[in-house]
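These are my notes from an afternoon with one model, kept in the order in which I looked things up. I began with a single residue and worked outward from there.

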Amino acid sequence: MAIRTKLVAGNWKMNGLREDGAMLAHALRQRAIAAGGTLGCEVVVCPPATLLSEVGGILAGSGIALGGQDCHAAPKGAYTGDIGPEMLADLGCSYVILGHSERRHGHGETDAVVRGKVAGAWRAGLVAILCVGETQRQRQAGEAIEVVSSQLAGSIPEDATAATLVVAYEPVWAIGTGLTATIEDIAAMHAEIRSRIPSGTRILYGGSVNPKNADAILRLSDVDGALVGGASLDAADFWAIAQSCPAE
Ligand code: PEP
């Protein structure tokens, strides 16, 4: 089985003007250089598209990877406002977040749309960080596993491999709310997800991960890292989460 190197991904969402992005990127670069490869995980940051070029330039050579927050399925064309996966790759991205709940719920993205985007990401050589997760109502109704399983079945193209896919389990009610799923619920959902994806595929947990709760979450055997929103905007907090990854 492939070694599942832990991955800590920062989703900056729609935050940061050029000066903020550069400051954050420099602060992360400094920490990465000081760590000198001793970190127990891979790190990727996903700034807004407007900052990719500048942040990518600052992070070059630091070991921190660059990712997009979304992409269109097509490489180019008459899609005003969209960004093709090849454009992300051209800017130095190696990852792209797809199917985030803020896209599924805020922009009406269906599983079929997300699946097309994942296929587009792979065509461009990007690793897709595919987000899945249930709403609070669905969890309370006992439908969490059914919802997540259906999202996986509908959003993952057939030729998925552990090298091209990362799944992020993000309960919608835990994103940006300060609420986190219990350790038991995270362990149970990650085990369920693992049974439905290619062997060796990494599964991240996301939903109000912070330096205080990261340790307990990242120690779970089926948790291969974290997708971090709010806390990724603070270099010290984000780095503390990355440092919580137990060494391989
Ligand atoms: C996210 O946006 O993917 C996320 C998990 O956000 P937060 O960490 O702020 O809950």
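Entry 1, Ser208. I opened this predicted model at Ser208 and asked whether the residue is buried or exposed. Its relative accessible area is 18%, and because the cut-off for buried is under 20%, Ser208 counts as buried. I placed Ser208 in the loop between E7 and H9. I then looked up its backbone angle and noted a phi near 55°, a positive value in a residue other than glycine. For context I wrote down that most residues other than glycine have a negative phi.

Entry 2, the ligand. I next asked which residues come nearest to the ligand. There are 14 residues around the ligand, and Lys13, Glu170, Gly176, Ser208 and Gly229 are the ones that come nearest. By class, this shell divides into four nonpolar, eight polar and two charged residues.

I then went through polar contacts to oxygen atoms of the ligand. A polar backbone atom of Gly176 is 2.6 Å from an oxygen atom of the ligand, a backbone N or O atom of Ser208 lies 2.7 Å from an oxygen atom of the ligand, and for a polar backbone atom of Gly230 the distance to a ligand oxygen is 2.8 Å. Taken alone the ligand exposes 300 Å², and the protein buries 96% of that area.

Entry 3, Lys13 and Asn11. Since Lys13 was on my list of residues that come nearest to the ligand, I turned to its surroundings. Lys13 has its place in the loop between E1 and helix H1 (18-35), and its phi is near 50°, again a positive value in a residue other than glycine. The backbone nitrogen of Lys13 lies 3.0 Å from a polar atom of the side chain of Asn11. Asn11 itself belongs to strand E1, residues 7-11, and I recorded Asn11 as buried because its relative accessibility is 5%.

Entry 4, the largest pocket. What is the volume of the largest pocket, and which residues lie nearest its centre? I noted a volume of about 510 Å³ and a lining of 22 residues, of which Lys13, Ala49, Gln69, Asp70 and Arg103 lie nearest the centre. Lys13 is thus named both here and among the residues that come nearest to the ligand. Sorted by class, the pocket lining has nine nonpolar, eight polar and five charged residues.

Entry 5, the cavity. I then asked how many cavities of 30 Å³ or more a search of the whole structure finds. The search returns one, and the volume of the largest cavity is about 40 Å³. Its lining is made of Gly99, His100, Ser101, Arg104, His105, Cys131, Val132, Gly133, Gln151, Glu170 and Val172. Helix H4 (101-104) and strand E5 (127-132) are the elements that give two or more residues to this lining. The class division of the cavity lining is three nonpolar, six polar and two charged. Glu170 caught my eye, as it lines the cavity and is also listed among the residues that come nearest to the ligand.

Entry 6, Ser155. Gln151, one of the residues lining the cavity, led me to a side-chain contact: the side chain of Ser155 reaches the backbone oxygen of Gln151 at 2.7 Å. Ser155 is found in helix H7, residues 144-155, and with a relative accessible area of 0% it counts as buried.

Entry 7, other sites. I went back to the loop that follows strand E7 (202-206) and precedes helix H9 (214-218), where Asn210 is found. Why is Asn210 classed as partly exposed? The class follows because its relative accessible area is 27%, while buried means under 20% and exposed over 50%. From the C-alpha atom of Asn210 to that of Gly77, 133 residues apart along the chain, the separation is 40 Å.

I closed with two buried residues. Pro85 lies in helix H3, residues 85-90, and is buried at a relative accessible area of 0%; Pro85 and Ala226 are 141 residues apart in sequence and 23 Å apart in space, C-alpha to C-alpha. Cys93 lies in the loop between H3 and strand E4 (95-98) and counts as buried at 7% relative accessibility. Its C-alpha atom and that of Ala174, 81 residues apart along the chain, are separated by 27 Å.

Notes. Residues numbered from 1 in each chain as written. Predicted model: local features only at pLDDT ≥ 70, side-chain atom pairs only at ≥ 80, totals over all residues. Heavy atoms only, no water. 1 Å grid on protein atoms, 1.4 Å probe; cavity = no way out; pocket = protein on both sides within 12 Å on 5 of 7 lines; lining within 4 Å. Points joined across faces, edges and corners; volume = space filled by probe spheres on them. Nonpolar A, V, L, I, M, F, W, Y, C, P; charged D, E, K, R; others polar. Near = heavy atom within 4 Å. Polar contact = N/O pair within 3.5 Å; in protein donor to acceptor, adjacent residues only side chain to side chain. Areas by Shrake-Rupley, 256 points an atom, 1.4 Å probe, with all protein chains shown as cover. Helix = DSSP H or I, 4+ residues; strand = E, 2+ residues; numbered from the N terminus. Buried < 20%, exposed > 50% of the residue type's maximum accessible area, 1.4 Å probe, protein only.
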